[in-house]
Amino acid sequence: MSAQKVIFLNQKGGVGKTTTAVNLGAALAIKGKKVLLVDLDAQGNLTSSVSADPRLPGTYEILVGDAHAIDCCQPTHINNLSAIASNINMAGLNVELVDQEEREFFMKKTFTTVEDAFDYIFVDCPPSLGLVTVNAMVWADYVIIPMQCEYFAMEGLNLLMRTISNMKKSLNPGLKILGIAFTMYNKRQKLANDVVEDVTSYFRDLVFKTIIPRNVRLSEAPSHGLPIFAYDISSKGAKAYAKLGEEVMSRVAQAN
């Protein structure tokens with residue numbers, strides 16, 4: 001069976017998108033699933049979070065046709081978890097693709113070699129809705145929206161929902177929103193609780209039940225190039241992502 005392709009999407013930066021992609025991937029890998037992480041962001045935060053080497057061929061080389069995706073998978077510190085790295089060349093890719101024919105389908109065409117090698121492919125998208133992100137949305141089966149518990153995050157959510165809806169109508173009718181994942185939650189903050197309540201009351205079943213708390217160990221792990229499960233498996237952050245991983249697998253199973 002072909003991999004379940006999940007993109008992590010939010011046009012706002014700093015919402016825990018990379019942290020969620022990395023640690024959900026690690027959570028599923030620990031449960032025996034073969035998981036591939038794909039870094040589409042020129043900043044390469046996912047790449048450094050799992051100690052992947054940005055000097056090796058990665059997403060840029062695959063998308064411009066200079067490398068095969070299956071040859072670009074690097075191992076990580078977690079068994080069953082691989083990664084395709086990003087580098088600074090990705091910064092100019094939106095411009096490079098803009099005049100190409102079928103420019104929205106480059107990812108769909110060039111990443112086929114990895115689809116049968118993994119159970120899940122998690123794609124960390126850049127914090128923008130440019131052509132690279134559109135390519136990911138055309139290829140993906142599901143979207144997970146990581147969302148910080150703050151007011152401005154709510155404003156951006158409506159725009160994102162409209163974008164996904166337009167994508168379904170035009171280029172990928174099979175695209176589904178797997179869920180909205182709250183991150184960096186501080187239960188002592190009234191605003192955080194209000195945002196969770198408001199979004200949950202409006203989007204109901206789309207919101208994951210598991211909420212990722214603010215956690216120092218989660219913040220520290222990327223600087224060591226490790227997912228939270230290899231850095232501090234007993235931390236609150238690791239336990240939260242393990243629970244969220246169960247929810248993700250359950251929702252994917254129901255959708256299929």
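# Briefing: salt bridges, a buried strand and the fold

Lys 109 counts as partly exposed, at 47% relative accessibility (buried is under 20% relative accessible area, exposed over 50%, partly exposed in between, with a 1.4 Å probe and protein chains only). The structure is a predicted model, in which local features need pLDDT of at least 70 and side-chain atom pairs count only at pLDDT 80 or more, while totals for chains, interfaces and linings use all residues. Residues are numbered from 1 along each chain as its sequence is written, and side-chain values use heavy atoms, without hydrogens and water.

**The chain as a whole**

- The chain contains 11 helices and 7 strands (DSSP runs numbered from the N terminus, helices being H or I with at least four residues and strands E with at least two).
- With a radius of gyration of 17 Å, close to the 18 Å that the globule rule gives for 256 residues, the chain is as compact as a globular protein of that length (radius over C-alpha atoms; rule of 2.2 Å times the number of residues to the power 0.38).
- Along the principal axes, the C-alpha atoms of the chain fill a box of roughly 50 × 40 × 35 Å.
- Of the 256 residues in the chain, 54% are buried.
- Among the contacts in the chain with a separation of 6 or more, 78% are between residues 24 or more positions apart (contact means heavy atoms within 4.5 Å).

**Strand E5 and its neighbours**

- Strand E5 covers residues 120–124, and 5 of its 5 residues are buried, so the strand is largely enclosed by the rest of the structure.
- Cover is found on both faces of E5: one side carries the buried residues Tyr 120, Phe 122 and Asp 124, and the other side carries Ile 121 and Val 123, also buried.
- Strand E1 (residues 4–8) runs parallel to E5 and is joined to it by 5 bridges (two strands pair if DSSP finds at least two bridges between them).
- In the pairing with E5, Ile 7 stands opposite Val 123.
- Strand E2 (residues 35–39) is also parallel to E5, and 5 bridges join these two strands.
- Asp 39 is the residue that stands opposite Asp 124 in E5.

**Salt bridges**

- The whole structure holds 12 salt bridges (a side-chain nitrogen of Lys or Arg within 4 Å of a carboxyl oxygen of Asp or Glu).
- One of them is formed by Asp 124 and Lys 17, whose closest N and O atoms are 3.3 Å apart.
- This pair links distant parts of the chain, with Asp 124 in strand E5 and Lys 17 in helix H1 (residues 17–30), 107 residues apart.
- Asp 124 and Lys 17 are both buried.
- Lys 109 forms a salt bridge with Glu 102, and the closest N and O atoms of this pair are 2.9 Å apart.
- Glu 102, the partner of Lys 109, is partly exposed at 48% relative accessibility.
- Arg 217 and Glu 220 form another salt bridge, with 2.8 Å between the closest N and O atoms.
- Both residues of that pair lie in helix H9 (residues 216–220); because they are 3 residues apart there, about one helical turn separates Arg 217 from Glu 220.
- Arg 217 is partly exposed with a relative accessible area of 31%, and Glu 220 is partly exposed at 27%.
- Lys 5, Glu 115 and Asp 141 belong to one network, joined by salt bridges that share partners.

**Residues with a positive phi**

- Asn 80 has a phi near 75 degrees, which is a positive value in a residue other than glycine.
- The loop that holds Asn 80 runs between strand E3 (74–75) and strand E4 (81–84).
- The relative accessible area of Asn 80 is 35%, so Asn 80 is partly exposed.
- Met 184 is not a glycine, yet its phi is positive, at about 50 degrees.
- Met 184 sits in the loop between strand E7 (176–183) and helix H8 (190–203).
- Because its relative accessibility is 22%, Met 184 counts as partly exposed.

**An exposed aromatic residue**

- Phe 152 is part of helix H7, which spans residues 151–170.
- The relative accessible area of Phe 152 is 53%, so Phe 152 counts as exposed.
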